[in-house]
Amino acid sequence: MAKWGEGDPRWIVEERADATNVNNWHWTERDVSGWSSERLRQLLLAVRVEGPEGICQLTDISKLDGEASINNRKGKLIFFYEWQLRASWLGTSSGGLKYRGTIEVLNLSDENDMDDLDISVSLCKDQPDTPLLNLMKKTGVNEVRRVLGEYIRQLRSEFSLGMILPTADGPKRPQETKKNPIQTSKTQISPAPRCSSSSASCPTGVRISTCTFDLKETFQTSVDELYRTFVNQEFVQVFTRSAAVVDARRGGRFQLLDGNISGEFTQLVPDRRIEMRWRFRTWPSEHYATISLDLEDQGDETELRMECRGVPAGEEDSTREGLNRFYFQAIKQTFGY
């Protein structure tokens, strides 16, 4: 036993002058629960399956409980993760009828192989029977199992760097570079903005020129359903195929497409008009365009007129193309409007 004040040598960690832990003697741990939670949401909300029965898409993560960490003990990496999750899914039959259900995974952990995952699928209690349930139980479950396997693969690859520390005789520890461990493909609508003289200001006080343009599109659906598609968080997550935040009230904020689009609602007239302050990530800081959507009932279809004011000059074509592609066309392809 060590004498008082000398310390037990089994707990003494030899360090270099730069505080490097030599020989990986003690337990190094990194908590990756936050990254895991966000990555699981992104992967799951991208799940979409299609068959003769129709289309099903995960729309909301109602439960995501658990934790994840990576430990290094004397040069050996140990990955620990344990999650329980529940997600909602929205199905659209080939006939256009909507059905809702849930999918649940209770045993995603390092102790279970992917083939052993218990994944259960069900319809909400108020929903009638539909062939879409079988589509989710077969194709949907396989897709969920695949993306959960992708989460584990990314967990092991993204966070290994820096966890294996050097030994006393080994090479100098490499410098870790700051990076975002979540590797997602970012949807780009416009290039970096250019500032010039006009009525709008860049953060440095330089005035920028802006432009105004209009868009018009017709959707094969009712006014109330199209209105809900733009302001309901669940629907927005479906047609953007990514996590979104949508607070549908005056002054409520929204963020979608991996944070590339953000803003707030300034006017909401149910089934008639939506007005918002809207910006793309690469625009000058705090610069917002004003976008208004007017909906008009045309019987068996709805006409949407969009007015865009205050778009940075030089960004008109890319913004117009992005709105058409990532709003209008995405809605039509997803919901069959």
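**Exercise 1. Ala 244**

Task: Decide whether Ala 244 is buried or exposed in this predicted model.

Solution: Start with the place in the chain: Ala 244 belongs to the loop that runs between helix 4 (233-240) and strand 10. Next, take its relative accessibility, which is 7%. The cut-off for buried is under 20%, so Ala 244 counts as buried. As a last step, look at Glu 234, which is 10 residues away from Ala 244 along the chain; the two C-alpha atoms are separated by 8.3 Å.

**Exercise 2. Two neighbours in a loop**

Task: Work out which class of exposure, buried or partly exposed, fits Leu 257 and which fits Asp 258.

Solution: First, locate them. Leu 257 is in the loop between strand 11 (253-256) and strand 12 (261-269), and Asp 258 is found in the loop between strand 11 and strand 12 too. Second, check the backbone: phi is near 55° for Leu 257, a positive value in a residue other than glycine. For Asp 258, phi is near 60°, again positive in a residue other than glycine. Third, apply the 20% cut-off. Leu 257 has a relative accessible area of 4%, so it is buried. Asp 258 has 21%, so it is partly exposed.

**Exercise 3. A sheet and its edges**

Task: Find which strands are the edge strands of the open sheet of seven strands.

Solution: Write down the strand order, which is 9-15-14-13-12-11-10, with antiparallel pairing. Now read off the two ends: strand 9 and strand 10 (245-246) are the edge strands, and each pairs on one side only.

Next, walk inward from strand 9. It pairs with strand 15 (residues 302-312) in the antiparallel sense over 10 bridges; one of the contacts to look for is Thr 218, whose bridge partner in strand 15 is Glu 303. Strand 15 is also joined to strand 14 (residues 289-297) by eight bridges, and these two run antiparallel. Here Thr 290 has Arg 309 of strand 15 as its bridge partner.

Finally, look at the two faces of strand 9 (residues 210-219), where the side chains alternate. Cys 211, Phe 213, Leu 215, Glu 217 and Phe 219 point to one face and are buried. Thr 210, Thr 212, Asp 214, Lys 216 and Thr 218 point to the other face and are not buried.

**Exercise 4. Cysteines without a bond**

Task: Explain why Cys 308 has no bond to the closest cysteine sulfur.

Solution: Begin with the chemistry: a disulfide is a covalent bond between the sulfur atoms of two cysteines. The cut-off is a sulfur pair within 2.5 Å. The closest cysteine sulfur to that of Cys 308 is in Cys 211, at 8.8 Å, so the two are too far apart for a bond. The count for the structure is zero disulfides. To finish, compare accessibilities: Cys 308, at 0%, counts as buried, while Cys 124, at 27%, counts as partly exposed.

**Exercise 5. Helix 5**

Task: Test how the span of helix 5 compares with what its 20 residues should give.

Solution: At 1.5 Å a residue, the helix should span 28 Å. Its end C-alpha atoms are 27 Å apart, so the two values agree. Then trace the axis: helix 5 bends by about 30° at Gln 329. Just after the helix comes Gly 336, with a positive phi of about 75°. Several of its residues are buried, among them Leu 323, Phe 326, Tyr 327 and Ile 331.

**Exercise 6. Rings that meet**

Task: Say what parts of the chain are tied together by the pair of Trp 35 and Tyr 151.

Solution: The structure holds nine aromatic pairs. In one of them, Trp 35 and Tyr 151 are stacked, 6.0 Å centre to centre with 25° between the planes. Trp 35 is in helix 1 (residues 33-45) and Tyr 151 in helix 2 (residues 132-158), so the pair links parts 116 residues apart in sequence. Both residues of this pair, Trp 35 and Tyr 151, are buried.

Now try the steps on Phe 230 and Tyr 327, a stacked pair at 6.2 Å centre to centre with 15° between the planes. Phe 230 lies in helix 3 (residues 223-231) and Tyr 327 in helix 5 (residues 316-335), so this pair ties together parts 97 residues apart in sequence. Phe 230 and Tyr 327 are both buried.

Key:
Residues are numbered from 1 along each chain as its sequence is written. This is a predicted model: local features need pLDDT of at least 70, side-chain atom pairs count only at pLDDT 80 or more; totals for chains, interfaces and linings use all residues. Side-chain values use heavy atoms; hydrogens and water are left out. Rings of Phe, Tyr and Trp (its six-membered ring) pair if their centres lie within 6.5 Å; planes under 30 degrees apart count as stacked, over 60 as edge-to-face and the rest as tilted. Helices (H or I, at least four residues) and strands (E, at least two) are DSSP runs, numbered from the N terminus. Buried means under 20% relative accessible area, exposed over 50%, partly exposed in between (1.4 Å probe, protein chains only). Two strands pair if DSSP finds at least two bridges between them. The expected span of a helix is 1.5 Å times one less than its number of residues. The bend at a residue is the angle between axes fitted to the seven residues ending there and the seven starting there.
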